[in-house]
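Here are a few exercises to work through with the model open. Try each one before you read its solution.

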Amino acid sequence: MERRSNRPSQSKELICNSDITIHLKENDELYHYKTDEHGNVRTNKRAWSGLNATVILGKVDSIDNDIFIKHGVKVWSCAISTSGRISSIGIPETDVTVTIHK
């Protein structure tokens, strides 16, 4: 039986009706992670506490500081906890691309 958290996730899914482009700022950083069994990304970077992140389902790379996202790819706006854990996207054991907004 799956145990549900008693606190709601701070992640907000973005609804994209067409292809979108994310323009990275100078201080933004791009990483590739895998979610755990609860759909969390565990970065173990406490220095990121309180920052925001954009999580994209699958592996995506930037080209000239732009990330191109095809229609139908799931994207979330997330918060980073004091332990460096990114709020849950609810999809366990999957590859994601994380942009940290500093």
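**Exercise 1.** Does Y31 count as buried, partly exposed or exposed?

*Solution.* A word on the input: this is a predicted model, where local features need pLDDT of at least 70, side-chain atom pairs count only at pLDDT 80 or more, and totals for chains, interfaces and linings use all residues. Residues are numbered from 1 along each chain as its sequence is written, and side-chain values use heavy atoms, with hydrogens and water left out. Now the cut-offs: buried is under 20% relative accessible area, exposed is over 50%, and partly exposed is in between (1.4 Å probe, protein chains only). Y31 comes in at 25% relative accessibility, so it's partly exposed.

**Exercise 2.** Find the aromatic pairs and classify them.

*Solution.* Rings of Phe, Tyr and Trp (its six-membered ring) pair if their centres lie within 6.5 Å; planes under 30 degrees apart are stacked, over 60 edge-to-face, and the rest tilted.
- Searching the whole structure turns up two pairs.
- Y31 and Y33 have ring centres 6.2 Å apart and planes at 40°, so call that pair tilted.
- Y31 and W48 are tilted too, with 5.1 Å centre to centre and 50° between the planes.
- Put together, Y31, Y33 and W48 make one aromatic cluster.

**Exercise 3.** Which residues touch the most other members of the largest nonpolar core?

*Solution.* Such a core is a set of buried Ala, Val, Leu, Ile, Met, Phe, Trp, Tyr and Cys residues joined through side-chain atoms within 4.5 Å. This one has 13 residues, and V55, I86, V96, V98 and I100 touch the most other members.
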